Amino acid sequence: MQRKIPMRQCVGCREMRPKKELVRVVKSPEGEISLDFRGKAPGRGAYLCPNCECLKHAIKVKALERAFDCQIPQAVYDTLLEKMEVGADG
């Protein structure tokens, strides 16, 4: 019998994709927000396609702020964009 593939929805484009194809944005128990490319970090997670366009759209519509129920400073978004660009390349 085939194993079920876990699906998650991108908060940017709202498309359902296999969990392994997405990048997890995580809010740690301490309140720090970061990218989790392995999907194992503790905390509340939201998923994004591994491209900057989905992250930019999620920022524009405040999808991550709704997912984590908190205000997110622009500096955090800038850091996420930098890491997403580096992570997509390497």
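Trainee: Let's start at the front of the chain: is Gln-2 buried or exposed?
Mentor: Keep in mind that this is a predicted model. Gln-2 sits in the segment before β1. Its relative accessibility is 77%, and the cut-off for exposed is over 50%, so Gln-2 counts as exposed.

Trainee: And how far apart are the C-alpha atoms of Gln-2 and Cys-13?
Mentor: Gln-2 belongs to the segment before β1. Along the chain, Gln-2 and Cys-13 are eleven residues apart. In space, the separation of their C-alpha atoms is 28 Å.

Trainee: Next, the loop after β1. Which residue in the loop between β1 and β2 has a positive phi without being a glycine?
Mentor: Most residues other than glycine have a negative phi, so a positive one deserves a look. Here the angle is about 65°. The loop runs between β1 (7-9) and β2, and the residue in it is Arg-14.

Trainee: How does Arg-14 stand on accessibility, buried or exposed?
Mentor: The relative accessible area of Arg-14 is 54%. Exposed begins over 50%, so Arg-14 falls in the class called exposed.

Trainee: There's another backbone angle I want to check. What is the phi of Lys-62 near?
Mentor: Lys-62 is placed in the loop between α1 and α2 (63-68). With 45% relative accessibility, it counts as partly exposed. Lys-62 is a residue other than glycine, yet its phi is positive, near 60°.

Trainee: On to charges. How many salt bridges does a search of the whole structure find?
Mentor: One of them pairs Arg-17 with Glu-15, and another pairs Glu-21 with Arg-17. Lys-56 and Glu-53 make one as well. The search of the whole structure gives a total of four.

Trainee: How far apart are the closest N and O atoms in the salt bridge of Arg-17 with Glu-15?
Mentor: Both partners are partly exposed: Arg-17 has a relative accessible area of 24%, and Glu-15 comes in at 43%. A salt bridge needs the nitrogen within 4 Å of the carboxyl oxygen. For this pair, the closest N and O atoms are apart by 3.6 Å.

Trainee: Now the helix pair. Why are Lys-56 and Glu-53 separated by about one helical turn?
Mentor: Their side chains meet in a salt bridge at 4.0 Å, N to O. Lys-56 is partly exposed at 40%, while Glu-53 is exposed at 56%. They are about one turn from each other because they lie three residues apart in helix α1 (residues 52-60).

Trainee: Back to shared partners: which residues are joined into one network by salt bridges?
Mentor: Arg-17 bridges to Glu-15. Arg-17 also bridges to Glu-21, at 3.9 Å from N to O, and Glu-21 is partly exposed at 41%. Through shared partners, the network takes in Glu-15, Arg-17 and Glu-21.

Trainee: Which residues make the nonpolar surface patch of about 300 Å²?
Mentor: Look at strand β2 (residues 16-18), where Met-16 is found. Met-16 has a relative accessible area of 48%, which makes it partly exposed, and a patch residue needs over 30%. The patch is formed by Ile-5, Met-7 and Met-16.

Trainee: Pockets, then. What volume does the largest pocket have?
Mentor: Rolling a probe the size of a water molecule over the atoms shows where empty space is left. The lining includes Pro-6, Leu-22, Phe-37 and Tyr-47. The volume of the largest pocket is about 230 Å³.

Trainee: How many charged residues are in the lining of the largest pocket?
Mentor: Among the lining residues are Lys-19, Lys-20, Arg-24, Asp-36, Arg-38 and Lys-40. By class, five of the lining residues are nonpolar and one is polar. The charged ones number six.

Trainee: Lys-40 is in that lining. What distance separates the C-alpha atoms of Lys-40 and Val-26?
Mentor: Lys-40 is in the loop between β4 (33-36) and β5 (44-48), and it is exposed at 63% relative accessibility. Val-26 is 14 residues from Lys-40 along the chain. Their C-alpha atoms are separated by 9.6 Å.

Trainee: Last one: is Phe-68 buried or exposed?
Mentor: Phe-68 lies in helix α2, and its C-alpha is 17 Å from that of Asp-78, ten residues away in sequence. Its relative accessibility is 5%, and buried means under 20%, so Phe-68 is buried.

How values were computed. Residues are numbered from 1 along each chain as its sequence is written. This is a predicted model: local features need pLDDT of at least 70, side-chain atom pairs count only at pLDDT 80 or more; totals for chains, interfaces and linings use all residues. Side-chain values use heavy atoms; hydrogens and water are left out. On a 1 Å grid over the protein atoms alone, a cavity is a set of points where a 1.4 Å probe fits but cannot get out, and a pocket is an open set with protein on both sides within 12 Å along at least five of seven lines; lining residues have an atom within 4 Å of a point. Grid points are joined across faces, edges and corners, and a volume is the space filled by probe spheres set on the points. Ala, Val, Leu, Ile, Met, Phe, Trp, Tyr, Cys and Pro count as nonpolar, Asp, Glu, Lys and Arg as charged, and the others, Gly among them, as polar. Patches are made of residues with over 30% relative accessible area and no salt bridge: like charges are joined within 9 Å, nonpolar side chains (Val, Leu, Ile, Met, Phe, Trp, Tyr) within 5 Å. Accessible areas come from the Shrake-Rupley method with a 1.4 Å probe; for residues, only the protein chains shown count as cover. Helices (H or I, at least four residues) and strands (E, at least two) are DSSP runs, numbered from the N terminus. Buried means under 20% relative accessible area, exposed over 50%, partly exposed in between (1.4 Å probe, protein chains only).
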